[in-house]
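Biologist: Could you take a close look at one part of this model for me, the nonpolar patch and the helix behind it, and then walk me outward from there to the charged pairs and the contact between the chains?

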Amino acid sequence: MLPENIERFVREFSRLPGIGRKTSERLSFFLLSQPDEFAGELADSIIRLKSDMRLCSVCGNITDKDPCAICSDTSRDETVICVVETAIDIFYIEETASYKGIYHVLGGVISPLNGVTPDDLALKSLLMRATAGAALEVVVALSSTTEGDATALYIAQMLQDKGLKITLPARGIPVGTDIQYAGKGSLAQAIRNREEMK
Amino acid sequence: MKLDYIKITNFRNFSRIILPRFSRINMLIGENGSGKTNFLEAIQTLTTLSPLRPVGFPELIRWGSDFFHLHGEFDGHTVELGFSEKKRLLKIDGDKSNKAGLARIAPVVAFMPDDIDIIRGAPENRRMFLDRALSAIDPQYETALRRYYRTLRQRNAQFKLNPRDVTIWDAELIDWGSMIIMKRLPYIRILNDKIRELYRELYGREIRIRYMNPFRIEGSVEESFRNAVKTGAREELRRRCTLFGPHRDNFCIQMDDKKSDTFVSQGQLRSLAFALKLGVVRSIEDSSGGRPILLVDDVLLEIDEVRREKILDMISMDYQIFFTMTNGALISRVFADCSVFQVNGGEIALPR
């Protein structure tokens, strides 16, 4: 039986995704072997992670100030809104440095099997932002799954006849892939969505 | 395609079998439980990664051992499959490979006693037969099937949660569902050709497969599907489930305007099931150009001798075949290129 303090640490840490009981036991003994400051800094970073972060009241991004850095950046192109499933998708798209518009976090996709209906998603606020502001285009950047595609279609229908261009990110051959390894499904989409060379 | 050599280690009731040579026609003769079907299962598992019977890989390991290994030579290609501690490793010519690689090198079709359920059993059996056969030759069919059934589950859950929003799923349902139907129809034609040809030859009578789906197809499949969903919306709301689509399709075999399950004999059922599987063989040849290896597990027994000889005439020239039987006397004729293996208690004796 482990001492009560270690047992408590192990119990809490093994609630993290990908970390089981064995790993958190190892982590606890590693932390015990480190200088005192290390544990203090780690604990502080965890507390601050939660206490100083909130959701952006405009787009739903996770941020330390409201509105978030992207929404308050006047150089961003407000005529294009990119709809994403969760805030982490913003992080991935931003890393590509190839998008200059603004975002809207949906908070999931429609999935009755998991009890998620359109009312559970940030769709009303999307309709308001897309029609009240300067928006000309809505990019629906959801996963290419059954639920993602159905949600994308729902958004397209919600926004139709509002004078907006609705777009999807291109689907097809991954960059740097040989045609022979692309897979039939991806290749078929790529051929259908082929574009003119410029 | 031809299997030239096989080495089986710790698979089912075999501890170690090495057979260095096969003929075009290979007969495995032995008592029930001797391991005849296990031998066919070794070939099937090695070439399709799915056993003949619905079991997991751990159950294929010989009792008391902790791994199995299969090694086959097919027209100069080496295929190896090992399984131990929940991990499997497939190698083709020494390189790690997958199912798609296998289908190119060594296509195999197994004729099993329970094939008869495709004809006699519930509509699910026929759908599963079509879905398996089409998935094996068409990866896009497999994708469409996965997406369709996912959509179907969401749509049916939607009926329970909030029926007002059920139309959210209509586009996905119709897109993937139509793709499935459009791929099933030409496949049914291939099966139809085979089954008519064989039936005419054996029984001198006309027969045909009829594909049945819950809505009439007029014009395009997609358009008809969409109309069915539209006109059936009220009925769907009342019953709270999806009533139209390939998950409710079926096919039946008609003869003199009667359905097959009402009157045909066991021998006729057996012949019809055999003909359907020959249709699968044909479709593989059409899509890959290679001739599959046939595994025939005791299914000719119930067909009378004259017709059994006719069936053998139809297949023995073109394919490498592995037959299992309890009694060698059942096939009286002599084949030009034929080996007989005696199977006994997990051992297989080389032909004399």
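Modeller: Happy to! Let's start with A:Phe38, which sits in helix H3 of chain A. The model is a predicted one, and in it A:Phe38 is partly exposed, with a relative accessible area of 35%. That clears the patch cut-off of over 30%, and A:Phe38 joins A:Phe30, A:Leu42 and A:Ile46 in a nonpolar patch on the surface. Together these four residues offer about 340 Å² of accessible area. Helix H3, which covers residues 36–51 of chain A, gives the patch its largest share, 3 residues.

Moving on along chain A, we come to the cysteines. The count of disulfides over all chains is 0. For A:Cys56, the nearest cysteine sulfur belongs to A:Cys59 and is 3.8 Å away; a disulfide would need the two sulfur atoms within 2.5 Å, so A:Cys56 is in none. A:Cys82 is in no disulfide either, with the sulfur of A:Cys59 again the nearest, at 11 Å. Both side chains are out of the way of solvent by the numbers: A:Cys56 counts as buried at 4% relative accessibility, and A:Cys82 counts as buried at 3%.

Now for the charges. Side chains of opposite charge can pair when their charged atoms come close. Over all chains, the structure holds 33 salt bridges. One of them joins A:Glu12 to A:Arg15, with 3.1 Å from N to O. Here A:Glu12 is partly exposed at 39% relative accessible area, while A:Arg15 is exposed at 65%.

Another salt bridge pairs A:Glu94 with A:Arg76, whose closest N and O atoms are 2.8 Å apart. A:Glu94 belongs to helix H4 (residues 87–95) of chain A and A:Arg76 to the loop between strand S2 (62–63) and strand S3 (77–84), so this pair ties together parts that are 18 residues apart in sequence. A:Glu94 counts as partly exposed at 26% relative accessibility, whereas A:Arg76 counts as buried at 11%.

In chain B, B:Arg184 forms a salt bridge with B:Asp249, and the closest N and O atoms there are 3.8 Å apart. The pair links distant parts of the chain, 65 residues apart: B:Arg184 is in helix H6 (residues 170–203), and B:Asp249 is in the loop between helix H8 (233–239) and strand S10 (250–255). Both ends are buried, B:Arg184 at 1% relative accessibility and B:Asp249 with a relative accessible area of 1%. Back in chain A, salt bridges that share partners gather A:Glu7, A:Arg21, A:Lys22 and A:Glu25 into one network.

That leaves the place where the chains meet. There, 18 residues of chain A are in contact with 16 residues of chain B. The two chains bury about 1500 Å² between them, and carbon and sulfur atoms give 64% of that area. On the chain A side, A:Pro112, A:Leu113 and A:Thr146 supply 39% of the area this chain buries against chain B, more than any other three residues. Charge plays a part in the count too, with 2 salt bridges between chain A and chain B. B:Arg147 and A:Asp149 form a salt bridge, their closest N and O atoms being 2.7 Å apart.

One last stop is B:Gly64, found in the loop between helix H1 (36–48) and strand S4 (67–74) of chain B. B:Gly64 counts as exposed, at 78% relative accessibility. From B:Gly64 to B:Gly346 is 282 residues in sequence and 15 Å in space, C-alpha to C-alpha.

How values were computed. Residues are numbered from 1 along each chain as its sequence is written. Chains are lettered from A and ligands numbered from 1 in the order in which they are written. This is a predicted model: local features need pLDDT of at least 70, side-chain atom pairs count only at pLDDT 80 or more; totals for chains, interfaces and linings use all residues. Side-chain values use heavy atoms; hydrogens and water are left out. Patches are made of residues with over 30% relative accessible area and no salt bridge: like charges are joined within 9 Å, nonpolar side chains (Val, Leu, Ile, Met, Phe, Trp, Tyr) within 5 Å. Accessible areas come from the Shrake-Rupley method with a 1.4 Å probe; for residues, only the protein chains shown count as cover. A salt bridge is a side-chain nitrogen of Lys or Arg within 4 Å of a carboxyl oxygen of Asp or Glu. Helices (H or I, at least four residues) and strands (E, at least two) are DSSP runs, numbered from the N terminus. Buried means under 20% relative accessible area, exposed over 50%, partly exposed in between (1.4 Å probe, protein chains only). Contact means heavy atoms within 4.5 Å. Buried area is the accessible area (1.4 Å probe) that two parts lose on being put together, summed over both.
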